[in-house]
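Biologist: Could you take me through a few of the labels in this model? I would like to hear the reasoning behind each one.

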Amino acid sequence: MIYADIILPLPLDGLFTYSVPDEMSGEVKEGMRVLVPLGKSRHYVGIISGLHSVRPEGYEVKEISGLLDSAPAVLPRQLELWRWISNYYMAPLGDVYKAAMPSALKTEERLRPKTEQYVRLSQVYRSEGALHVAMNILERARRQKEVFVCYLSMSHWDEAVAGDGSVMPREITREELMNASHANVAVVRMLVDRGILETYEKEVGRLNDGGEPDFRNIKEMSRPQTEAYNRILLSFFGKNVTLLHGVTSSGKTEIYIHLIRREIEDNHRQVLYLLPEIALTVQIMDRLKRVFGNRLGIYHSKYSDAERAEIWNRQLSSSPYDVILGARSAVFLPFQRLGLVIVDEEHETSYKQQDPAPRYHARSVAVVLAAMYGARTLLGTATPSVETYQNAMTGKYGLVELTQRYSGVELPEVRVVDVQDLHHRKMMTGSFSPLLLGEMRAALDDGGQVILFQNRRGFAPMVECRQCGWVPRCQHCDVSLTLHRNMNQLTCHYCGYTYRVPVECPACGGKELMAKGYGTEKIEDHIMELFPDARVGRMDLDTTRTHNAYERIISDFSSGRTNILIGTQMVSKGLDFGKVSVVGILNADSMLNFPDFRAYEHAFQMMSQVSGRSGRRGRRGLVILQTKSPGLPVIDHVVRNDYGALFREVTDERRMFNYPPFCRLIYVYLRHKSDKTAEAAALEMGRRLRYLLPGRVLGPDKPPVARVKEMNIRKLVIKLENGIDMNRVRECLHDVRHTIMADKRNSLLQVYYDVDPV
């Protein structure tokens with residue numbers, strides 16, 4: 001008898017063993033999808049992790065109900081990567097499976113091909129004489145006749161080679177005919193009912209066809225780019241991972257394109273190109289499509305589940321995409337001959353999955369994935385993460401630096417404005433200093449564009465009663481509610497719950513409820529008042545929810561249809577706009593005062609990146625940085641674009657207090673509806689961990705937001721010296737968790753880990 005160990009899409013540790021029916025024994029393989037029973041009536045689609053002949057003891061072994069594939073849906077290296085993620089990030093293998101595969105491949109239903117409705121001339125009207133008859137029939141139906149004439153003009157009629165007088169039209173979709181003739185469905189249906197046209201369904205691919213590749217569209221590299229390109233290739237001889245540290249607008253993307261061409265043409269291997277945000281794929285996709293055409297595949301969460309499943313299947317086929325461009329989930333795709341992984345903007349925290357599990361970091365997973373294939377990894381950024389730069393400084397990674405912008409354009413000038421002083425002198429106009437408003441007007445008058453960076457969405461972060469100071473808070477989370485005035489509602493940005501805006505204070509009955517602080521929505525309103533002739537766009541989570549929202553906002557700004565773009569950190573991430581001459585950072589302090597040991601590192605990265613959107617073509621750009629703390633060293637580092645100084649300052653501080661990169665961090669979270677239960681369990685877990693890992697455990701404590709979705713949270717911090725036996729640490733954590741969960745009082749307790757938090 002053959003037995004199969006199955007991965008099920010459930011947050012449970014371990015594998016599930018089933019027997020393989022005799023009729024399947026010659027067909028089953030590792031990586032195939034199977035339908036298996038669980039419990040009395042449930043069935044799940046699982047993945048075969050391994051096959052063996054050892055019968056499990058202690059329980060009745062059930063049979064596999066059905067085999068869903070004729071070939072593996074998950075490749076051996078993918079399963080190997082899943083196991084590594086499960087082990088390293090201490091997440092159940094079932095959670096990795098759930099995160100990795102598109103939902104359409106986790107059901108027993110077969111993926112239905114996408115079809116489109118086409119129209120064609122009915123058989124009886126496919127001759128010249130019959131066409132005259134059809135025209136006579138439609139003489140009194142003016143609208144139908146117009147649509148029919150439009151159809152004939154679109155069809156490009158040609159006489160058949162046989163010369164029998166019949167004609168064969170070009171295929172036309174119903175949608176194309178309706179768009180060209182400005183007709184609705186009813187008019188086309190009438191032509192079908194008359195028997196003049198007929199409709200038919202035709203299978204079409206869900207994936208965009210980029211056309212044939214054209215390497216003539218690759219631009220010639222400048223001398224600094226060529227030198228960096230050659231140094232990267234040289235570095236790859238000795239290092240599996242290389243960091244390309246290039247200032248903003250230095251032309252890193254063009255270097256990537258040359259490396260991709262070399263990998264797929266000369267080495268005949270595949271490339272994975274990762275970006276941190278879906279917004280970035282819009283611009284990069286157009287550049288890559290012009291070069292690589294239909295050899296390029298796009299993969300991210302804004303695509304439908306069916307589209308993602310189709311890309312997955314394409315990668316398993318005999319003609320997979322040579323280049324995959326995607327956000328973090330693209331690391332899970334099947335690759336048959338991976339040769340190069342590019343992680344652009346490697347410093348971005350968006351690469352870290354927060355919820356749900358597995359809480360993986362796509363940059364780390366990409367490095368491991370590449371190593372499994374014997375491939376190389378290139379990390380690119382203008383503002384490296386401290387850990388990555390430390391690895392480059394100590395020789396673990398190769399390092400290539402690109403210190404000047406493309407075509408010799410100067411880095412932008414950064415002017416610091418002390419807004420606290422201006423507030424005292426009552427010289428501020430809302431969130432805007434006189435300097436910023438003046439430079440914005442000058443830029444717009446000169447035909448330039450402006451980006452305003454405010455890292456808070458909504459209209460205002462909170463509402464407050466002027467009389468008693470009451471602030472509306474979420475019923476389910478320990479946070480104040482954000483006002484979204486356009487939707488006339490208060491929203492919790494943690495659980496998503498919405499509330500009506502009160503007309504009076506429920507605490508004192510006062511009528512004066514004030515919006516405190518500034519979000520992107522409020523900034524947009526003020527800008528439209530101050531610059532009534534400007535065309536204003538806004539890019540934040542609220543304006544980019546729909547499928548094509550990113551494309552529309554970026555296209556409008558790129559083409560000049562909007563000339564002021566207001567946004568959250570989305571606008572800081574590698575976007576390339578040619579006419580931006582002024583960037584305004586409205587409130588640097590919201591980043592600097594965040595209670596986290598990485599606050600200055602992240603603030604420097606965000607401010608430097610958004611500054612880099614300015615002056616990318618032609619003359620030097622200008623950045624207005626507004627802050628109440630102009631004397632902080634990090635502000636000076638941004639002004640001078642001195643990453644080296646920031647790195648030295650941050651690493652000195654972290655070495656002193658033992659923080660990464662000089663140690664490893666694991667956060668342990670405990671959640672329960674009862675605050676008392678969460679506290680008691682956290683204290684007990686902390687006591688046990690301190691015994692097993694002496695001198696390495698901090699807490700428990702409440703995180704800054706200690707209740708989310710009615711769950712009370714406690715947090716333990718574990719600091720581990722570099723070089724410690726991590727397998728032993730994982731055993732300790734699993735054992736303590738098992739002991740805590742065995743207590744009946746903790747039956748509803750949730751315990752999870754965040755390894756290498758960002």
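Modeller: Happily; in this predicted model, D418 has T627 in β26 as its bridge partner.

Biologist: What makes β16 and β26 a pair?

Modeller: Two strands pair when there are at least two bridges between them. Strand β16, residues 413-418, and β26 have six bridges and run in the parallel sense, so by that definition they are a pair.

Biologist: And how do you know that β25 pairs with β26?

Modeller: The same kind of count applies: four bridges join β25, residues 580-585, to β26, and the two run parallel. With at least two needed, the label follows. On this side, V583 stands opposite V623 in β26.

Biologist: Why is β26 called largely enclosed?

Modeller: Because six of the six residues of β26, residues 622-627, are buried, the rest of the structure largely encloses this strand. Side chains in a regular strand alternate between the two faces of the sheet. Here both faces are covered: L622, I624 and Q626 are buried on one side, and V623, L625 and T627 on the other.

Biologist: Moving to a loop, why does L8 count as buried?

Modeller: L8 has 3% relative accessibility. Buried means under 20%, so L8 counts as buried.

Biologist: Where is L8, and what does L8 touch?

Modeller: L8 lies in the loop between β1 (3-7) and β2 (16-19). Leaving out residues up to four places away in sequence, L8 touches F16, Y18, V36, L38, Y44, G46, G94 and Y97.

Technical notes: Residues numbered from 1 in each chain as written. Predicted model: local features only at pLDDT ≥ 70, side-chain atom pairs only at ≥ 80, totals over all residues. Heavy atoms only, no water. Buried < 20%, exposed > 50% of the residue type's maximum accessible area, 1.4 Å probe, protein only. Contact = heavy atoms within 4.5 Å.
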